[in-house]
Amino acid sequence: MGKATIVENLGKGKYRAQLKYDLRALEKTLAALKAQRDDEAMVMIRALLALSELESAKVAAKSGLDAIIDQWMSGLIAKYREAPPLIVPDDPNDPETGAPWADPDRAQDDKLLAAINAARSAAGAPSVTRNAKLDSAIRSHLLYLARSHRVTHTGEDGSNPADRARQGGYLPLAGAGECLAFGQRSASAAVARWKISDAPTLLDPAYTDVGVSFRNAPENPYGYLWGAVFAAPGGSPGALEENPVKNEEQKVDQALDPIKPPKTQDATPQKLADAAGEFARASQKVRQGKDKIKLLLLERIERSRAIGELEKAKSKADTVFEVWACQYEDYLETGDVVSTAEVPGHYKEPKGAEERPINLIPPLLNAGGLAPAEGLSAAGVFVNAALEPGHLRWRPVWRYGTILTLSNDSGGGWSGETNWSCSVRLGPADARMFDREPGAYSLNLQADELLANVPISYPPCNGWVFQAGDEVLVLFEGFSREKPKVIGFRRSPRLCPDGRVSWRG
């Protein structure tokens, strides 16, 4: 049993009404899906940016592998000495201090900056200014790559270039990008590689500042590490959102960490094998990143479909249809909320104002509520769908039937105290069809089709206004097939001789 709101009184017990549904669960689910839809654009952007970084790292790993092969074939890596020679400064002294270099690798930084600005100038992009905070950010990342043997834009703590720029104190930050090169023997060679693999970042005219760094890394498969992080001020720091592509990248690292690249022969340098393994790792990250983006797109399609289904279900709750009161009640007004009896088949969508197998019932019968299935959990829908056919047949609530014979205990004459009973033939009814496939079976609800000695409760005149052939509403008290009771008409209820009894009291 549910409830309905009166929309219009059509007279003589007929109304236009709207079922009242409990939409709280549906609206909560719908709001959550819409919030996810609002966030999905940002998540997708971050995922695509992360995939771009992975593809850049894959290109860098490939170029590093090529450089290692070149070093090996040029005799820079001997059978028993795998590390390439250190790149030493042209000038043994730091020009800023006049003293020997505290860190000889810093001698390459200015060369790297000069090569970057030369490339930008040739492409018509403005020069970038070296920034100490960005220097610190890229330097720390190269240190991590040196000791971890990685080829990645993802930092030790899962950070990306923008994160590291912020952590280094470069605030506010409008945007950041990073170029990495592995194995090149000079700054110009590293920038030449970036012009091929990372031109959008290297030549982006929006960037105004840069941090540069070089690292001799004998412990790394590539020997030489080059890096530049580009940035522009502006915007606000903000918190980073979850990035599914980065999560996949970390999973690949965790899965492949224990795997050691095999040696094909004793004469093959371990550095070469490590570089080949790192390229394979980078390739796998790209593949899994692409798979994750495909999954995000599928989730987006499914989310849009679900939102459409919920919106459609919500709109169904606004459907207005014609309905009869089972007992004569001609004084209900627009806005009144009345209890309803939903007979099997009530869920079929009406066309326009077509009548549905629903009746308005007196308020003395306690009514519960209706909720659209779309607002339930998958488990809830399954349980209800599984239980409903058996419940409607063996634990029924409402059915329509036709009166065959009538009797009363007074032997004739009208009296409000007379106990009336009748015999009723139940009308045909089937359980709801949840399976729409051809040949799907629907449970027939015709258990106990003929009912005898069924009492009539139609105050104040009970059975006096009924006659054989009337189509009536049957209530099974306590969900028992053994306790049927006629409580009113399916259509066109009749007025008792002494007049109506208002449901308003």
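C422 is the residue I would like to begin with, and in this predicted model C422 counts as buried because its relative accessibility is 4%, which falls under the 20% that serves as the cut-off for that class. C179 belongs beside it in this discussion, since at 0% relative accessibility C179 counts as buried too.

Let me turn from those cysteines to the disulfide. How many disulfides does the structure hold? There is one, and it is formed by C461 and C496, whose sulfur atoms lie 2.0 Å apart. The pair links distant parts of the chain, with C461 sitting in the loop between β12 (450–455) and β13 (471–476) and C496 in the segment that follows β14 (484–489), so that 35 residues separate the two. For those of you who care about the torsion, the angle about the S-S bond is -65°, and the link of C461 and C496 is accordingly left-handed. Are these two cysteines buried or exposed? Both C461 and C496 are buried.

The last residue on my list is H149, which is located in the loop that runs between α3 (132–148) and α4 (161–167). H149 counts as partly exposed, because its relative accessibility is 28%, and the class in question covers values between 20% and 50%. Which residues does H149 touch, once we set aside those up to four places away in sequence? They are E219, N220, P221, D274 and E278. On the backbone side, the C-alpha atoms of H149 and Y222 are separated by 8.6 Å, although these residues are 73 residues apart along the chain.

Note on methods. Residues are numbered from 1 along each chain as its sequence is written. This is a predicted model: local features need pLDDT of at least 70, side-chain atom pairs count only at pLDDT 80 or more; totals for chains, interfaces and linings use all residues. Side-chain values use heavy atoms; hydrogens and water are left out. Helices (H or I, at least four residues) and strands (E, at least two) are DSSP runs, numbered from the N terminus. Buried means under 20% relative accessible area, exposed over 50%, partly exposed in between (1.4 Å probe, protein chains only). Contact means heavy atoms within 4.5 Å. A disulfide is a pair of cysteine sulfur atoms within 2.5 Å.
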